[in-house]
Amino acid sequence: MKYSFKDPTVSIAIVGAGGFIGSHLLDALIERTSWRILAVDLDFYRLQHRLHHPRIEFLCDDLKKESVVSRIASYPIVINLAAICVPSRYMREAKEVIESNYNHPVALALACAKSGAWLIHFSTSEVYGKTSIEPCLLEEDSSPMILGSVRASRWSYACAKQLTERYIASLQGLSWTVLRPFNFVGPRMDFIPGIDGEGIPRVLANFCAALLKNEPLFLVDQGVSRRSFTSIHDAIHFIFAVLVHQEESLGQAFNIGNPENELSIAELADRMRQIYASLKQVSIDQVSPVQLISSKEYYGEGYEDSLRRIPSIEKAKRLLGYVPNEALDVTLQETLSWFIEHYRLAL
Ligand code: NAD
Ligand code: UGA
C-alpha cells in the first residue's frame with residue numbers, strides 16, 4: 001500500500017506524541033501531510049502550540065490500558081514512541097522500565113496483528129548492548145547483541161527492547177517495522193532538573209542545563225565512552241522515508257543514526273563549552289568547568305556502559321534512499337540556543 005501525504009483520508013496514531021521525538025514528528029506531520037492524527041501521551045506540555053489543531057485528536061491516557069491499546073490499533077498506521085528511556089531510571093525502576101519497554105509494546109503489537117495496523121515500533125541502539133571501545137559499524141541484521149550481567153540493571157531497558165523486537169518479528173500476521181535510534185539530539189530534548197523534570201537527563205540536555213546554571217559538566221568515568229549523535233531533523237526525515245516506502249520497510253529493523261557524528265563524551269563537553277562561550281561572547285574560563293565522577297557515584301549501583309556505538313546506515317541507504325545530512329556542530333549550537341531561549345525566564 002502506498003500512502004500519499006496529500007490524502008486527507010489517511011489517519012495515523014502516534015503513541016508517546018508528547019515526548020521529544022513525538023512532538024517533532026507531530027509538527028512535521030501537520031506541516032507536510034493532510035493526515036488525521038491521534039496523539040496519545042500521559043501529558044502534552046511540549047505540544048501547547050498544537051492543542052487546538054483540527055486534524056489532531058489528543059488522548060491523554062496510559063498505554064497500559066486495554067481500552068487505549070484497542071483504540072490505537074484501530075488506526076491503519078501506528079507509531080509507538082512511548083517508553084521510559086532515560087538511563088538514570090534503568091537501575092532504580094527496572095520493573096517499570098521493563099513493563100514500559102516490553103509488556104506495553106507487546107500488548108500493542110498483539111492488537112495491531114489482530115487489526116491489521118502497520119506498527120512502526122521505536123526500539124534503540126542500546127539493543128547492541130555492552131559494546132567495546134573498538135571501532136565497529138553496528139549492522140541491523142548481523143551485529144551481536146550482548147548485554148551485561150542480570151545484576152547490572154542498566155541493561156533492563158536494552159534487554160526489554162531486545163525482547164520486544166524479537167517478539168514483534170515472531171508475531172504471525174503483524175505488519176511491522178522496527179527503528180533503532182542512535183542518540184537523537186535537538187531542541188525540546190529532556191528537561192532541566194528542578195525546573196521541568198527530576199533526575200538525570202540524557203547527556204546533551206544535561207550539559208546544556210549545566211552550562212545554563214553555571215554548574216560543572218560531569219564526565220562519567222572520564223568521559224571516554226563514545227556516541228554517534230543524530231539530529232532530530234535527520235531523524236524525522238528518516239521516519240518520513242519509512243512512511244513513503246512501506247513495502248521496503250515491512251519486516252525490517254533500521255538503524256537511525258549518523259556515523260559522521262561520532263565523538264567521545266569528553267570531546268562533546270569541550271565542544272559545548274566552546275559553543276556556549278561563543279554564543280554568550282565570554283572567554284572559555286568563564287564557562288562552567290568539567291568535573292570527573294565515577295559512574296557508581298553518579299548513577300549508583302548497577303550502572304554499566306556501552307563504550308562505543310557507530311551505526312551502519314547502508315541498509316537505510318539501500319532500501320529507503322536515506323542519508324543523514326545535518327552536521328554535528330550545527331545541531332549542537334541549535335540545541336544549546338534553544339535551551340538558552342526556552343529557559344530564559346526560568347533561570
Ligand atoms: P521521551 O521520554 O521524550 O518521550 C516518550 C513519551 O512517551 C513521553 O512523552 C511519555 O510521557 C510517553 N509515555 C511513556 N509511557 C507512556 C504510557 N504508558 N502511555 C502513554 N505515554 C507514555 O522519549 P523520546 O526521546 O521521544 O523517545 C521516544 C522513543 O524512542 C522511546 O521508545 C525510546 O526508547 C526511543 N529512543 C529514543 C532515543 C533518543 O535518542 N531520543 C534513542 C533510542 C531510542
Ligand atoms: C541513551 C538512552 O538509553 C536512551 O535514551 C536511548 O535509547 C539510547 O541512548 C540510544 O540512543 O539508543 P546513553 O547514550 O547511554 O543511552 O545515554 P546518555 O544519558 O545520553 O549518556 C551517554 C554517555 O554520556 C554515557 O556514557 C554516560 O555515562 C555519559 N554521561 C551522561 C556523562 O558523562 N555525563 C552526563 O551528565 C550524562
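This text describes the surroundings of two ligands in a predicted model and then turns to the packing of several helices.

The shell around ligand 1 is the starting point. It consists of 23 residues, and those closest to the ligand are Phe20, Asp41, Asp62, Tyr157 and Phe184. By class, this shell divides into 12 nonpolar, 6 polar and 5 charged residues. Two helices each supply at least two residues of the shell around ligand 1, namely helix H1, which spans 20–32, and helix H5, which spans 155–170.

Polar contacts of ligand 1 involve both backbone and side-chain atoms of the protein. On the backbone side, a polar atom of Gly19 lies 3.2 Å from an oxygen atom of the ligand, and a polar backbone atom of Leu63 lies 2.9 Å from one of the ligand's nitrogen atoms. The side chain of Arg202 places an N or O atom 2.9 Å from an oxygen atom of ligand 1. Considered alone, ligand 1 exposes 820 Å², of which the protein buries 89%.

Ligand 2 can be examined in the corresponding manner. Around this ligand there are 26 residues, and the closest are Ser125, Tyr157, Asn183, Arg227 and Asp305. Tyr157 is thus listed among the closest residues for ligand 1 and also for ligand 2. The classes represented in the shell of ligand 2 are 15 nonpolar, 5 polar and 6 charged residues.

Three polar contacts of ligand 2 may be followed in the structure. An oxygen atom of the ligand is 2.8 Å from an N or O atom in the side chain of Asn206. A ligand oxygen atom also lies 2.7 Å from a polar side-chain atom of Arg227. The backbone takes part through Phe218, where a polar atom is 2.8 Å from a nitrogen atom of ligand 2. Ligand 2 taken alone exposes 720 Å², and the protein buries 97% of that area. Two or more residues of its shell come from each of helix H6 (203–213), strand E9 (217–220) and helix H10 (295–299).

The packing of helices completes the description. Two packed helices are described by the angle between their axes and the distance between the axes. Helix H6, which contributes to the shell of ligand 2, packs with helix H12, residues 328–342, where the axes come within 10 Å and cross at roughly 50°. An angle under 35 degrees would count as roughly parallel and one of 65 to 115 as roughly perpendicular; H6 and H12 are therefore oblique to each other. Their crossing is right-handed.

H12 also packs with helix H9, residues 265–280, at an angle of about 60° and with the axes 10 Å apart. H9 and H12 are therefore likewise oblique to each other, and the crossing is again right-handed.

Helix H5, which supplies residues to the shell of ligand 1, has a packing partner in helix H4, residues 94–115. The axes of H4 and H5 come within 8 Å and cross at roughly 15°. Since angles under 35 degrees count as roughly parallel, H4 and H5 are described as roughly parallel to each other. H4 passes H5 in a right-handed crossing.

Methods
Residues numbered from 1 in each chain as written. Chains lettered and ligands numbered in written order. Predicted model: local features only at pLDDT ≥ 70, side-chain atom pairs only at ≥ 80, totals over all residues. Heavy atoms only, no water. Near = heavy atom within 4 Å. Polar contact = N/O pair within 3.5 Å; in protein donor to acceptor, adjacent residues only side chain to side chain. Areas by Shrake-Rupley, 256 points an atom, 1.4 Å probe, with all protein chains shown as cover. Helix = DSSP H or I, 4+ residues; strand = E, 2+ residues; numbered from the N terminus. Nonpolar A, V, L, I, M, F, W, Y, C, P; charged D, E, K, R; others polar. Axes fitted to C-alpha atoms, helices over the stretch in contact; angles between N-to-C directions. Parallel < 35°, antiparallel > 145°, perpendicular 65-115°, else oblique. Left-handed = near helix turned anticlockwise from the far one by under 90°.
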